[in-house]
Amino acid sequence: MKKNFKWSFNIITDWTVLGVNWFYKLIVQNLYFVLSNLLFIAMLFVFQLTLNNFPLFIIPIFLFYVSLATQFKMIEQGGQEENGISFGSYRKYYQKMIKKNWKTFLFYTFLTSFIIFEVKVLWMAQKGLLLIPLLITASFLASGMFFVFLLSSDERASQISMGQKFFSMLLVSYKLPFVTVVNMIWIIIVVFALQRFSLAYLLFLGGAINYMICLNLKRRFSVRLYFEQIGK
């Protein structure tokens, strides 16, 4: 009886410690995510995100994608370092991301700009039915974008062309339909939340959403195995 009680108590303790550590990492990484998007948040409080003002948001959107990929980098590499979730590590990862993957972030910045422009045009033209396939396509591309950002967490990603990354994204997205659908659901939730809340407020939850998407990707996709396969 005592052994069973002790065994149960140890399990509860282990799960409690694991849960506290997970929650702590989530809070810390979300804080870094928010701090790295202060420019985006300030711009949203000062300017409205309209077609006329959209050029002002190009740089904040670019930096927003850098922060997403940096959080992936922390999740992928942070556990291998003693001080893996420190602000110094985050800043180091952030600088490396811009230096080695700026073309990727630039590509997705302009792709996002194009999609937003199309949505605005269709909305102003009152073509609501055409928004549905556009949003589904955009959600699929956004889900694939997270695969690309996860690949970018590896140093070897800088040796892969943007075309190869995009093709790999399509291949993995179709090969792992459940992961893709779950990511698309997260993205659709964010899109609908934008109808009720300002993007400035959603940025405070963006790091947590990105964290959940990254965990979803890592359940079925291994960056290490990917680079081992293409290296053969």
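Two residues are in contact when they have heavy atoms within 4.5 Å of each other. In this predicted model, Q71 gives an example: leaving aside its neighbours within four places in sequence, Q71 is in contact with Q29, N30, F33, G207, N210 and Y211. The protein has nine helices and zero strands. The points below go from the whole chain to its aromatic pairs, single residues and empty spaces.

**Overall make-up**

- Read from the N terminus, the order of elements is α-α-α-α-α-α-α-α-α.
- The protein has 232 residues, and 42% of them count as buried.
- Among contacts between residues at least 6 apart in sequence, 77% join residues at least 24 apart.
- The accessible surface comes to about 14100 Å², and carbon and sulfur atoms account for 69% of that surface.

**Aromatic pairs**

- A pair of aromatic rings is described by two values, the distance of the centres and the angle of the planes.
- The structure holds 17 aromatic pairs.
- In one of these pairs, F105 and F149, the ring centres are 5.6 Å apart and the planes stand at 65°. Planes over 60 degrees apart count as edge-to-face, so the F105 and F149 pair is edge-to-face.
- F105 belongs to helix α4 (residues 87-124) and F149 to helix α5 (residues 128-151), so this pair ties together parts that are 44 residues apart in sequence.
- F105 and F149 are both buried.
- The rings of F147 and F221 also form a pair, with centres 5.7 Å apart and planes at 85°, so this pair is edge-to-face.
- F147 lies in helix α5, while F221 lies in the loop between α8 (199-220) and α9 (223-230), so the pair ties together parts that are 74 residues apart in sequence.
- F147 has a relative accessible area of 2% and F221 has 11%. Buried means under 20%, so F147 counts as buried, and so does F221.
- One aromatic cluster is formed by F33, F40, F57, F62, F64, Y65, F105, F107, Y108, F149 and F166.

**The two sides of helix α2**

- Helix α2 covers residues 38-46, and F40, I41, M43 and L44 in this helix are buried.
- These four buried residues cover an arc of only 160° around the axis, which puts them on the same side of α2.
- F45 and V46 are exposed, on the other side of α2.
- An α-helix has 3.6 residues a turn, so residues three or four places apart point the same way.

**Single residues**

- Q71, whose contacts are listed at the top, is placed in helix α3 (residues 58-77).
- The relative accessible area of Q71 is 1%, so Q71 is buried.
- F167 is part of helix α6.
- F167 has a relative accessibility of 55% and therefore counts as exposed.
- F167 and G144 are 23 residues apart along the chain, and their C-alpha atoms are separated by 9.8 Å.
- R224 is in helix α9.
- With a relative accessible area of 48%, R224 is partly exposed.
- R224 and D154 are 70 residues apart in sequence, and the distance between them in space is 8.2 Å, C-alpha to C-alpha.

**Second largest pocket**

- The second largest pocket has about 320 Å³ of space.
- Its lining is made up of 14 residues, and V172, K175, F221, Y226 and Q229 lie nearest the centre.
- Helices α6 (162-175) and α9 each supply at least two residues of this lining.
- The largest share of the lining comes from α6, with six residues.
- F221, which is paired with F147, is one of the residues nearest the centre of this pocket.

**Largest cavity**

- The structure holds one cavity of 30 Å³ or more.
- About 70 Å³ of space lies in the largest cavity.
- The residues that line the largest cavity are K73, Y93, K96, M97, K100, N101, S152, S153, D154, E155, A157 and S158.
- Helix α4 gives the most to this lining, with five residues.
- D154, one of the lining residues, has its C-alpha atom 8.2 Å from that of R224.

Terms used
Residues are numbered from 1 along each chain as its sequence is written. This is a predicted model: local features need pLDDT of at least 70, side-chain atom pairs count only at pLDDT 80 or more; totals for chains, interfaces and linings use all residues. Side-chain values use heavy atoms; hydrogens and water are left out. Rings of Phe, Tyr and Trp (its six-membered ring) pair if their centres lie within 6.5 Å; planes under 30 degrees apart count as stacked, over 60 as edge-to-face and the rest as tilted. Buried means under 20% relative accessible area, exposed over 50%, partly exposed in between (1.4 Å probe, protein chains only). Accessible areas come from the Shrake-Rupley method with a 1.4 Å probe; for residues, only the protein chains shown count as cover. The arc is that of the directions from the helix axis to the C-beta atoms. On a 1 Å grid over the protein atoms alone, a cavity is a set of points where a 1.4 Å probe fits but cannot get out, and a pocket is an open set with protein on both sides within 12 Å along at least five of seven lines; lining residues have an atom within 4 Å of a point. Grid points are joined across faces, edges and corners, and a volume is the space filled by probe spheres set on the points.
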